[in-house]
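Biologist: I should like to understand the reasons behind the labels attached to this model. May I put some questions to you while we look at the structure?

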Amino acid sequence: MSVQEKIGLIIKTAESIQNENNVAVLGPSGTGKTVFITLLSHAIDNHFLDEHPELRAHPKDGRPFLEACENSLRDGEFPERTLQLSRDKIIFEMRGTGATASSMEFKLPDISGEDYKKMCLGEEIRGDERVVKVCQLDIVKGKPYSEMIYAVYAKMYVILLDCSKMKTDWEKDQTQYSQALTTIQDFKKSTNTSKNGRIGTPIAIVLTKADSLEDRDVPAKDLVKKYMRRFYNTLEDIHDGEREYFMVHIDVQRNRENEVDSTEGTKVAKPLSYSHHVYTKFLWWLHENLLG
Ligand SMILES: Nc1nc2c(ncn2[C@@H]2O[C@H](COP(=O)(O)OP(=O)(O)OP(=O)(O)O)[C@@H](O)[C@H]2O)c(=O)[nH]1
Ligand SMILES: [Mg+2]
């Protein structure tokens, strides 16, 4: 079977996935994907609905996972690193109130950094071949395609950048981040969901661990422009859809000198506090782009 025939077959059999609102949260191991998804859930329950009483939202699937992560944060501990091949199925339902209000579900699979690497990085193949490879990654016997196919058809991409590595690693990391973008471009081109060859799907750039920045007042976009210039330019070049920058953090324990004690591993501050207003902004942006 040719690559084109394989893609054709995938498109035909994966019809149900194409109708799902998958949000692909992407970033290497340790960038903060699990913390981000957990705090999104916390922000829905504790802040977002207060600000938007016209909406209803709740987790529909994945509650035990979210509760375990949340309890761990409350106890001062960060959640464990996500294991390869574990994609906790997290589904939220959101709808307006009133008889005519429409409703939607969105899925936020929490993948491991290793799975992100396998899915998005590597330059050896491009185009349809790359998409076929992703659709066959760690495929479960008897299934027509891999669970990773959600990323091919995702309705939104959320790309995480770790602020604690801004000055040390961003310059070199941007090559891989740009690769992730071209992979998304391949996904969209192969499945005929691109806009003149450019990505039309909304992309959020989320800067995590903003508490590690000396100056938190510089806008996220300016930081990306300054410390990841090539990635920023690639994004401008190949993305034609809605785009927004966010900067988030969770407060961590600090000593009297206001330094993070690194000998014991970073602990979460008690009581739990984080940039919840940014999370509610993000949720609104998501709502506007997926349901709006
Ligand atoms: N200072 C600070 N550290 C954070 C923050 N968020 C996450 N971290 C640290 O980053 C680590 C990794 O966060 P995770 O959310 O587990 O990262 P991940 O992207 O899910 O990583 P994998 O599961 O390995 O792919 C945590 O264990 C914390 O040590 C934050 O807002 N501030
Ligand atoms: Mg994780």
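Biologist: Why is N196 called exposed?
Modeller: A residue is exposed if 12 or fewer other C-beta atoms, placed from the backbone, lie within 10 Å of its own, buried if 20 or more do, and partly exposed in between. N196 has 6 other C-beta atoms within 10 Å, and it is therefore exposed. N196 is found in the loop between α8 (170-190) and β6 (203-208); helices (H or I, at least four residues) and strands (E, at least two) are DSSP runs, numbered from the N terminus.

Biologist: On what kind of model, and on what numbering, does this rest?
Modeller: This is a predicted model, in which local features need pLDDT of at least 70 and side-chain atom pairs count only at pLDDT 80 or more, while totals for chains, interfaces and linings use all residues. Residues are numbered from 1 along each chain as its sequence is written, and chains are lettered from A and ligands numbered from 1 in the order in which they are written.

Biologist: Is K209 buried or exposed, and why?
Modeller: K209 is buried, because 23 other C-beta atoms lie within 10 Å. K209 lies in the loop between β6 and α9 (220-227).

Biologist: What makes the phi values of N196 and K209 worth a remark?
Modeller: Most residues other than glycine have a negative phi. The phi of N196 is near 50°, a positive value, and that of K209 is near 55°, also positive.

Biologist: How do you know that the bond from K270 to P271 is cis?
Modeller: Its omega is near -10°. Most peptide bonds are trans. P271 is found in the loop between β7 (243-247) and α11 (276-290).

Biologist: Why does V3 count as partly exposed?
Modeller: V3 has 16 C-beta neighbours inside 10 Å, a count between the two limits, so the label is partly exposed. V3 lies in helix α1 (residues 3-13). Leaving aside neighbours within four places in sequence, V3 is in contact (C-beta atoms, placed from the backbone, within 7 Å) with D128, E129 and V132.

Biologist: What makes β2 and β3 paired strands?
Modeller: Two strands pair if DSSP finds at least two bridges between them. Six bridges join β2 to strand β3 (residues 91-96), and the two run antiparallel. R56 stands opposite R95 in β3.

Biologist: How do you know that β3 and β4 pair?
Modeller: They share five bridges in the antiparallel sense, which satisfies the requirement of at least two. The bridge partner of E93 in β4 is E105. β3 and β4 form a hairpin with six residues between them, and G98 in the turn has a positive phi of about 100°.

Biologist: Why do β2 and β4 stand at the edges?
Modeller: The open sheet of three strands has the order β2-β3-β4. β2 (55-61) and β4 (103-107) each have a single partner strand, so one side of each is left without a neighbour in the sheet. Neighbouring strands of this sheet are turned by 20° against each other on average, direction ignored.

Biologist: What surrounds ligand 1?
Modeller: Around ligand 1 there are 22 residues, the closest being K33, T34, F78, T82 and G113; a residue is near a molecule if its C-beta atom, placed from the backbone, lies within 6 Å of it. Helix α3 (residues 33-51) gives the largest share of this shell, three residues.

Terms used. Two residues are in contact if their C-beta atoms, placed from the backbone, lie within 7 Å. Axes are lines fitted to C-alpha atoms, for helices over the stretch in contact, and angles run from 0 to 180 degrees between N-to-C directions.
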